[in-house]
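The report below is arranged by topic, moving from the overall fold to a pocket, the surface and selected residue pairs. Please read it alongside the sequence and the coordinates.

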Amino acid sequence: MEPVIALVLGAILGILLGLLGGGGSILAIPALVYGLGLEFRQAIPISLIVVGAAALSGAIPKIRAGQVDWRLAAVFAAAGIPATFAGTAVGTLLPQPVLLVGFAAVMVVAGIRMLRENDDTGTACKTGDSGIDWKRCAPRSIPAGVGVGFLTGLFGVGGGFLIIPALVILLGLEMSVAVGTSLIVIVANSAAGLVAHLGDADIDWPITAAFAGAAVVTSLVAGHLGTRMETGRLRRWFAWLVFAVAAYVLVDTLVLR
């Protein structure tokens, strides 16, 4: 029965991923914890598989279109991968209620980002139409990469809701390039997080295959359909859903348990 539930939940998550992009993966952990009854630490590696696979499938067309800044992706990944292992190590020391409360806080931040309109492109790190002033960029991009990597290891989230604003506002990338670059960083961080968690993770592989497989397949289908839809209103509704789930996580963790 659990693999069937995993298929259904994965399919729903994949539709959200396809329509909304990486932000939809923020619900992977709640779906696994509350929908399938997994422990938080069991859910993290499964979430990382889904996040990484979905980001990779989304990155391929961006790579073909040349919408990836590989230099910035390398900087973010180089800063984020060690931080991912650090976040994983910290997570093993924290009790599950603390992790759940922290994850609810991350969900609130993600929801706020979804409600905000697209930000204008910044220019602080630009030296021209395409040049980048690395003297200014490095102090901005390295801390952002570290923060996103730490959250990936700690909570199993991709962090696109933090990477994209950093790339657009702080570093001055065009939105299309920022999205493609973000997806590459998410793939790298998710892979590192998965490696960090495999040592002590008790992964239910049938559930993982059902959940991740359904999510990736339906995300690809929904992604093609989403090109003909106006997703602004859907994103706002999804943000309020994220707030509601975050509130449920807090109530369940702090009041009901």
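## Overall fold

The chain holds ten helices and zero strands, and read from the N terminus its elements run α-α-α-α-α-α-α-α-α-α. The model is a predicted one, and every value discussed here is computed from it. Of the 257 residues in the chain, 49% count as buried.

## The second largest pocket

Rolling a probe the size of a water molecule over the atoms shows where empty space is left. In this model the second largest pocket encloses about 210 Å³ of space. The elements that contribute two or more residues to its lining are α1 (2-20), α2 (28-35) and α10 (232-256), and α1 gives the most, with four residues.

Which residues line the second largest pocket? They are Leu9, Ile12, Leu13, Leu16, Leu27, Pro30, Ala31, Tyr34, Leu241, Val245 and Tyr248. Sorted by class, this lining consists of eleven nonpolar residues, with no polar and no charged residues.

## Helix α2 and the residue beyond it

Helix α2 is mostly covered, since six of its eight residues are buried. The buried residues are Ala28, Ile29, Pro30, Ala31, Leu32 and Val33, and of these Pro30 and Ala31 also appear in the lining of the second largest pocket. After α2 comes glycine 37, which has a positive phi, near 70 degrees.

## A nonpolar surface patch

A nonpolar patch on the surface is formed by Val251, Leu254, Val255 and Leu256, which together have about 410 Å² of accessible area. Valine 251 is placed in helix α10, an element that also gives two or more residues to the lining of the second largest pocket. An α-helix has 3.6 residues a turn, so residues three or four places apart point the same way.

Is valine 251 buried, partly exposed or exposed? Valine 251 counts as partly exposed because its relative accessible area is 40%, a value that lies between the 20% and 50% cut-offs.

## The salt bridge

Side chains of opposite charge can pair when their charged atoms come close. A search of the whole structure finds one salt bridge, and it joins the side chains of arginine 71 and aspartate 69, with an N to O separation of 3.8 Å.

The two partners fall into separate exposure classes: arginine 71 is partly exposed, with a relative accessible area of 43%, whereas aspartate 69 is buried, with a relative accessible area of 12%. Aspartate 69 is called buried because 12% is under the 20% cut-off.

## Pairs separated along the chain

Aspartate 202 sits in the loop between α8 (175-198) and α9 (205-226). Aspartate 202 is classed as exposed because its relative accessible area of 55% is over the 50% cut-off. Although aspartate 202 and arginine 41 are 161 residues apart in sequence, their C-alpha atoms are 8.6 Å apart in space.

Proline 61 belongs to helix α3 (residues 40-64), and at 48% relative accessibility proline 61 counts as partly exposed. How far apart are the C-alpha atoms of proline 61 and glycine 180? They are separated by 8.7 Å, while the two residues lie 119 residues apart along the chain.

Note on methods. Residues numbered from 1 in each chain as written. Predicted model: local features only at pLDDT ≥ 70, side-chain atom pairs only at ≥ 80, totals over all residues. Heavy atoms only, no water. 1 Å grid on protein atoms, 1.4 Å probe; cavity = no way out; pocket = protein on both sides within 12 Å on 5 of 7 lines; lining within 4 Å. Points joined across faces, edges and corners; volume = space filled by probe spheres on them. Nonpolar A, V, L, I, M, F, W, Y, C, P; charged D, E, K, R; others polar. Patch = residues over 30% accessible without salt bridge, like charges linked within 9 Å, V, L, I, M, F, W, Y side chains within 5 Å. Areas by Shrake-Rupley, 256 points an atom, 1.4 Å probe, with all protein chains shown as cover. Salt bridge = Lys/Arg side-chain N within 4 Å of Asp/Glu carboxyl O. Buried < 20%, exposed > 50% of the residue type's maximum accessible area, 1.4 Å probe, protein only.
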